[in-house]
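Student: I have a new structure to look at, and I would like to learn how to read it. Could you take me through it step by step?

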Amino acid sequence: MSLQSNARKAAPMALAFVLWLAAIGLGMEAIYTSKEIFYLVFVQLGGAIEAAARLVLLFVFFLGVVFLVFVIGMTEYHRKWVGQIQSWRLFGWSLTVELSILILYYLL
């Protein structure tokens with residue numbers, strides 16, 4: 001009975017791990033595309049590219065810190081709720097936001 005119970009828990013844990021890795025990869029790509037969107041918007045609003053190059057360092061640092069906190073929080077949340085509806089909902093929201101940033105980049 002215990003072996004069957006462990007097998008039932010293994011599949012959601014493996015899927016959660018794959019989705020966690022995908023969320024981290026897409027999040028890092030979202031930081032890069034956000035940097036490019038920042039350049040585009042800053043220059044389109046009349047700013048100089050030199051000023052944008054200086055400000056983008058702070059912007060990327062801020063996004064990196066926010067993403068690091070998000071990854072740590074997401075890891076602990078999924079560790080506690082793996083296989084539950086709350087865990088899948090968080091995966092859905094995080095992947096949706098990250099993919100939205102990528103889609104916005106390609107539309108601009």
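Tutor: We will go through charged pairs, a buried charge, the nonpolar core and the largest pocket.

Tutor: First, this is a predicted model, in which local features need pLDDT of at least 70, side-chain atom pairs count only at pLDDT 80 or more, and totals for chains, interfaces and linings use all residues. Residues are numbered from 1 along each chain as its sequence is written, and side-chain values use heavy atoms, with hydrogens and water left out.

Student: How many salt bridges are there by the rule?

Tutor: Side chains of opposite charge can pair when their charged atoms come close. The rule asks for a side-chain nitrogen of Lys or Arg within 4 Å of a carboxyl oxygen of Asp or Glu. The count here is two salt bridges. Glu36 pairs with Lys35, with 3.1 Å between the closest N and O atoms. Arg79 pairs with Glu76, and there the closest N and O atoms are 2.9 Å apart.

Student: Where do Arg79 and Glu76 sit relative to each other?

Tutor: Helices (H or I, at least four residues) are DSSP runs, numbered from the N terminus. Arg79 and Glu76 are three residues apart in helix α2 (residues 49-81), so about one helical turn separates them.

Student: Which of the paired residues are exposed or partly exposed?

Tutor: Relative accessible area decides: buried means under 20%, exposed over 50%, and partly exposed in between, using a 1.4 Å probe and protein chains only. Arg79 is exposed at 61%, while Glu76 is partly exposed at 39%. Glu36 is partly exposed at 22%, and Lys35 is partly exposed at 21%.

Student: What is the situation of Glu98?

Tutor: Glu98 lies in helix α3 (residues 85-107). For charges, Lys and Arg count as positive and Asp and Glu as negative, while His and the chain ends are not counted. Glu98 is buried yet has no salt bridge, and Arg89, the nearest side chain of opposite charge, is 17 Å away. Contact means heavy atoms within 4.5 Å. Leaving aside neighbours within four places in sequence, Glu98 is in contact with Ala23, Leu26, Gly27, Ala30, Phe67 and Phe70.

Student: Which residues make up the largest nonpolar core?

Tutor: A nonpolar core is a set of buried Ala, Val, Leu, Ile, Met, Phe, Trp, Tyr and Cys residues joined through side-chain atoms within 4.5 Å. The largest one has eight residues: Ala23, Ile24, Ile31, Leu63, Phe67, Val71, Met74 and Leu95. The elements giving two or more residues to this core are α1 (2-44) and α2, and α2 gives the most, with four residues.

Student: What lines the largest pocket?

Tutor: Rolling a probe the size of a water molecule over the atoms shows where empty space is left. On a 1 Å grid over the protein atoms alone, a pocket is an open set of points where a 1.4 Å probe fits, with protein on both sides within 12 Å along at least five of seven lines; lining residues have an atom within 4 Å of a point. The largest pocket is lined by 14 residues, and Phe67, Phe70, Val97, Glu98 and Ile101 lie nearest its centre. α3 gives the most to this lining, with six residues.

Student: Where is Ile101, and what does it touch?

Tutor: Ile101 is in helix α3 and is partly exposed, at 24%. Apart from neighbours within four places in sequence, Ile101 is in contact with Ala30, Thr33, Ser34 and Ile37.
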